[in-house]
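Dear colleague,

I am passing on the structure we talked about, and my notes on it follow directly below. Please keep it open as you read.

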Amino acid sequence: MIRIDNLGLVYYQFKGLAAEPGLRHGFFTRLGGVSQPPFASLNMGASVGDDAAAVAENRRRACAALGFADGQVVTPYQVHSTVLARVGQAQGGQVIEATDGLLTAERGVALFLRFADCVPVMLHDREHHAIALVHAGWRGTLDGIASLAVAAMQAHFGSQPAQLWAGIGPAIGPCCYQVSAGLAAEFAKRFGAGVVSRPASGSSHLDLPTANTIALGEAGVRHIEQADLCTACHVDEFFSHRKEAGRTGRLGALVGLVA
Ligand SMILES: [Zn+2]
């Protein structure tokens, strides 16, 4: 990914999407906001105990950095479901209840989701000028939210999976994501033994980003860029729910269509 430092506000962009006309995107780090520890400083999560005014200011800064006003941004209340919603200008500025993925083909609409270790999956259909942004934790990954998003883009916009471009953003990597033997076995059964590693006897580590890459590949997506940036390895730049034992903020991911 490409690291951009915009006067202290730091975010990442996919190499394959950074120069795409008609689209702006960014994966924000924890750098550049106004929140105090343990949410320092660009926390986007309003339900983690942080000051609401600070979160609003952080979000305004992030949106402004990509040229979007608050009223153009649509965000879901994320619940680790596989619920996806198609949105447009009519939903600008709104929070969509109990949803973990948004899609749109309307210009002037930006999709905004929050993360702290879970996998951000971004989809772009250049031909139909459509985008999707998905929150895939272990539950959503196992339940297939990435491939469901591909199917939703087919159904709503006529997207051809082989023509889609997909990006897997910063998330907890196999280096840091220890899980129970039972969950590891479930993932190995669904995605193959390659998504589980055993760095020490008795421990199982899960590769959640690669599981999503496998799911997208099965859904017919050929162009996939995987960030390979571990949030837990880099708490200087990212919030990590696992590494910081739940006392932390949320990272913002934003993608929107422009004229
Ligand atoms: Zn790591």
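Leaving aside neighbours within four places in sequence, F187 is in contact (heavy atoms within 4.5 Å) with W138, T141, L142, G192, V195, L206, L208 and A211. This is a predicted model, in which local features need pLDDT of at least 70 and side-chain atom pairs count only at pLDDT 80 or more, while totals for chains, interfaces and linings use all residues. Residues are numbered from 1 along each chain as its sequence is written, and side-chain values use heavy atoms, with hydrogens and water left out.

F187 also belongs to the largest nonpolar core (buried Ala, Val, Leu, Ile, Met, Phe, Trp, Tyr and Cys residues joined through side-chain atoms within 4.5 Å), where F187, L123, M153, L206 and L216 touch the most other members among its 37 residues. The largest share of this core, seven residues, is supplied by α3.

Helix α3 (helices being DSSP runs of H or I, at least four residues, numbered from the N terminus) has I145, A146, A149, V150, A152, M153 and F157 buried (under 20% relative accessible area, 1.4 Å probe, protein chains only). Seen down the axis of α3, these buried residues fall within an arc of 160 degrees (taken from the directions from the helix axis to the C-beta atoms), so they line one face of the helix. Just after α3, G158 takes a positive phi of about 75 degrees.

In the loop between α2 and α3 lies D143, which is partly exposed (between 20% and 50%) with a relative accessible area of 42%.

Best regards

Definitions and conventions:
Helix = DSSP H or I, 4+ residues; strand = E, 2+ residues; numbered from the N terminus.
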